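This report describes how the strands, a helix and the nonpolar core are arranged. Please consult the sequence and the structure while reading.

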Amino acid sequence: MTTQTAQTPQTAQTVLEARDVTMRFGGLTAVRSVDLTVREGEIVGLIGPNGAGKTTFFNCLTGLYVPTEGTVAYKGTVLPPKPHLVTQAGIARTFQNIRLFANMTVLENVLVGRHTRTKEGLWSALLRGPGFKKAERASEERAMELLEFIGLEHKRDHLARNLPYGEQRKLEIARALASDPGLLLLDEPTAGMNPQETRATEELVFAIRDKGIAVLVIEHDMRFIFNLCDRVAVLVQGEKLVEGTSDVVQGDERVVAAYLGTPFEGAPEDTALAEVQAAEAQAATDSTTEGDNQ
Ligand SMILES: Nc1ncnc2c1ncn2[C@@H]1O[C@H](COP(=O)(O)OP(=O)(O)O)[C@@H](O)[C@H]1O
Ligand SMILES: [Mg+2]
């Protein structure tokens, strides 16, 4: 065995290693034998059409679902599929559909995100008992640092539900960061954002990476993905179709075809499809008019 010396992308520590992850719901295989590795210092993208299994894969990584097959390891240790143990190990996430405590303030939401790192725990945080109040003072400084980092410090006392959508997304990121993760999973972080907010989120993700947190991000905004990611994996119908650098993935005609729906060589053309549909419609009309209504 060779000795590891420098932290090059090849020798950097493996943060996440998902092996052969399969998730079946009854007869539907939403994720099929997916392998994915994220190394220290990396931003990895996960793309694919709606329904490809991206969120399901995230749910398998974070213990929300128990994968039908396969294992998920964080820094060399296989994780039990329990959300709180996964968070404790060092993986944090945001959700495609924002999940904030709407009637709590911005600061309180971040403090709740810290509960895995304080001995007081979630219920104490939610019920705001005396133990929480004490831990709160110790945690508040850290929470304010995070709010400054994402640019929401001026809204610390606003209720989460009163924030504009883009700021709610940012707050979710701050809450995830409050658990001091080594890996952050982002599920469509720029959904519903305007182009300016999207660019700002790009900068935020780079800044998170620069803090030493690896990032795995699902996003439909291709410019965002290809600007940001060191590596991109493409999921189609639950399977990993292609994985590579942004350049490689962008140039792969299977990806263009599967993801963007652009015709490729050998694919039926729109006109051919339209002809088939027209013929089928005609046949349906014929059968109703000529059918011998028994
Ligand atoms: N809890 C569930 N029960 C049954 N089917 C599910 C469940 N979660 C997701 N699916 C199905 O798995 C497939 C992948 O969904 P999802 O992971 O949300 O895709 P994506 O995030 O790529 O748009 C879809 O067909 C979806 O309906
Ligand atoms: Mg999804």
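## Residue V215

In this predicted model, V215 is part of strand 8. Is V215 buried or exposed? A residue is buried if 20 or more other C-beta atoms lie within 10 Å of its own. V215 has 24 C-beta neighbours inside 10 Å and therefore counts as buried.

Some neighbours of V215 come from far away in the sequence: V44 is 171 residues apart from V215 along the chain, yet the C-alpha atoms of the two are separated by 6.2 Å. When neighbours within four places in sequence are set aside, the contacts of V215 are I43, L184, L186, V205, I208 and R209.

## The sheet of six strands

Strand 8 belongs to an open sheet of 6 strands, whose order is 6-7-8-3-9-10 and whose pairing is mixed. Strand 6 (91-93) and strand 10 (239-244) each have a single partner strand, so these two stand at the edges, with one side left without a neighbour in the sheet. On average, and with direction ignored, neighbouring strands of this sheet are turned by 20° against each other.

One pair within the sheet is formed by strand 3 (residues 43-47) and strand 9 (residues 231-236), which are joined in the parallel sense over 4 bridges. L46 has A233 in strand 9 as its bridge partner. Helix 1 (residues 54-61) lies across several strands, including strand 3, strand 8 (214-218) and strand 9. Relative to strand 7 (183-187), helix 1 runs at about 150°.

## The nonpolar core

The largest nonpolar core has 67 residues. Which residues have the most contacts inside it? They are V110, L147, A174, L183, L184, V215 and L216. Domain 1 (10-90 + 181-281) and domain 2 (101-178) both give residues to this core, so the core lies between the two domains.

L183 illustrates the contacts of one such residue. Apart from neighbours within four places in sequence, L183 is in contact with V15, L16, V38, Y74, G90, I91, I213, A214 and L216.

## The sheet of four strands

Y74, one of the contacts of L183, also stands opposite T77 in strand 5. Strand 5 pairs with strand 4 (residues 69-74) in the antiparallel sense over 2 bridges.

These strands are part of an open sheet of 4 strands, with the order 2-1-4-5 and antiparallel pairing. Where are its edges? Strand 2 (28-39) and strand 5 (77-78) are the edge strands, and each pairs on one side only.

Conventions
Residues numbered from 1 in each chain as written. Chains lettered and ligands numbered in written order. Predicted model: local features only at pLDDT ≥ 70, side-chain atom pairs only at ≥ 80, totals over all residues. Pairing = 2+ DSSP bridges. Axes fitted to C-alpha atoms, helices over the stretch in contact; angles between N-to-C directions. Contact = placed C-beta atoms within 7 Å. Core = buried A, V, L, I, M, F, W, Y, C linked by C-beta atoms within 7 Å. Buried ≥ 20, exposed ≤ 12 C-beta atoms within 10 Å, placed from the backbone. Domains from an automatic or database assignment.
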